[in-house]
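Hi,

Here is the structure I promised to pass on to you. Have a look at it first, and then read on for what turned up in it.

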Amino acid sequence: MLACALAAVAGCRSAPPPADLPRPDEVIALLERGGSSNVAATSDDARDPALRPHAYALPPVETAHAVVDAIDSLPRWEVMAGRSGVIWATRRTRFLRFVDDVYLLLLPSHDSTVIYARSASRAGRYDFGQNRRNLAELWAALDRSAERRTP
């Protein structure tokens with residue numbers, strides 16, 4: 001069911017070829033590599049709240065819609081594609097227009113959905129904390145979006 005919702009979400013955007021969207025196992029492998037000087041990735045044991053996975057008391061399909069609504073509300077963010085529990089978004093910097101790729105992995109968990117995230121710069125060795133700020137900005141927007149959808 002989540003795959004159908006994500007495919008529908010991807011269908012209403014100018015998305016790249018589906019081969020560009022990583023599979024869930026590929027996103028898990030990226031998350032397991034952790035963060036670096038130009039990558040921020042969530043992990044269960046992170047001390048920083050921006051780097052912890054977030055859980056929402058919504059089914060996966062509703063969570064996917066909340067993610068899309070959240071991203072649509074943010075300036076310079078765009079949903080590129082989504083399917084099979086993975087959403088790919090980009091965020092452009094204001095001045096130099098650098099692009100960061102953000103991958104979200106939505107996993108059902110009992111009566112909620114847990115989201116893991118990874119934000120990585122396409123260029124440069126250092127992001128000066130921008131990818132961590134990307135995740136913090138996304139979580140804040142997603143908290144607002146999910147709250148509107150929670151019964």
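Leaving out residues up to four places away in sequence, Ser145 touches Ala66, Asp69 and Ala70. Please keep in mind, here and below, that this is a predicted model. Ser145 is part of helix 4, which covers residues 130-149. Its relative accessibility is 1%, so Ser145 counts as buried. One of its contacts can be described in finer detail: a polar atom of the Ser145 side chain lies 2.8 Å from the backbone oxygen of Ala66.

Ser145 has company in helix 4. The buried residues of that helix are Gln130, Asn131, Asn134, Leu135, Leu138, Trp139, Ala141, Leu142, Ser145 and Ala146. Does the length of helix 4 fall short of what its 20 residues should span, or agree with it? At 1.5 Å a residue the expected span is 28 Å, and the end C-alpha atoms of helix 4 are 28 Å apart, so the two agree.

Now for the whole chain. You will find 4 helices and 6 strands in it. Starting at the N terminus, the order of the elements is α-α-β-β-α-β-β-β-β-α. The chain has 151 residues, and 48% of them count as buried. Of the contacts between residues at least 6 apart in sequence, 61% join residues at least 24 apart. The accessible surface comes to about 8,000 Å², with 55% of it belonging to carbon and sulfur atoms.

Next, the strands. Strand 3 (residues 77-83) and strand 4 are antiparallel partners, paired over 6 bridges. Between these two strands, which form a hairpin, there are 2 residues, and Ser84 in the turn has a positive phi of about 55 degrees. Strand 4 is also joined to strand 5 by 7 bridges, again in the antiparallel sense. This second hairpin has 6 residues between its strands, and the turn includes Arg97, with a positive phi of about 65 degrees. Strand 5 in turn pairs with strand 6 over 10 bridges, antiparallel as well. Here the hairpin has 2 residues between the strands, and His110 in the turn has a positive phi of about 55 degrees.

A few bridge partners may help you find your way from strand to strand. Gly82 has Ile87 of strand 4 as its bridge partner. Ile87 is also partnered with Leu104, in strand 5. For Asp100, the bridge partner is Ser121 in strand 6.

Are strands 3 and 5 enclosed or open? In strand 3, 5 of the 7 residues are buried, so this strand is largely enclosed by the rest of the structure. For strand 5 the count is 8 of 11, so it too is largely enclosed by the rest of the structure.

Helix 2 (residues 24-33) is worth a look as well. Its buried residues are Val27, Leu30 and Leu31. They cover an arc of only 100 degrees around the axis, which means that they sit on the same side of helix 2. What do these buried residues pack against? Their partners are strand 1 (39-41), strand 4 (86-92), strand 5 (99-109) and strand 6 (112-121). On the face turned away from the buried side, helix 2 carries the exposed residues Glu32 and Arg33. Just after the helix comes Gly34, with a positive phi of about 75 degrees.

Two more spots to click on. Ala57 lies in the loop between strand 2 (54-56) and helix 3. With a relative accessibility of 57%, it is over the 50% cut-off, so Ala57 counts as exposed. Leaving out residues up to four places away in sequence, Ala57 touches Asp111 and Ser112. Its C-alpha atom is 7.1 Å from that of Thr150, although the two residues are 93 residues apart along the chain. Ser112, found in strand 6, has 15% relative accessibility and therefore counts as buried. Beyond its neighbours within four places in sequence, Ser112 is in contact with Tyr56, Ala57, Leu58 and Leu107.

The other spot is Ala64, in helix 3 (residues 60-72). Ala64 counts as buried because its relative accessibility is 0%. Between the C-alpha atoms of Ala64 and Arg83 the separation is 9.8 Å, and the two residues are 19 residues apart along the chain.

Enjoy exploring!

Best wishes

Methods: Residues are numbered from 1 along each chain as its sequence is written. This is a predicted model: local features need pLDDT of at least 70, side-chain atom pairs count only at pLDDT 80 or more; totals for chains, interfaces and linings use all residues. Side-chain values use heavy atoms; hydrogens and water are left out. Buried means under 20% relative accessible area, exposed over 50%, partly exposed in between (1.4 Å probe, protein chains only). The arc is that of the directions from the helix axis to the C-beta atoms. Contact means heavy atoms within 4.5 Å. A polar contact is a pair of N or O atoms within 3.5 Å; within protein, one must be able to donate a hydrogen and the other to accept it, and residues adjacent in sequence count only if both atoms are side-chain atoms. Accessible areas come from the Shrake-Rupley method with a 1.4 Å probe; for residues, only the protein chains shown count as cover. Two strands pair if DSSP finds at least two bridges between them. The expected span of a helix is 1.5 Å times one less than its number of residues.
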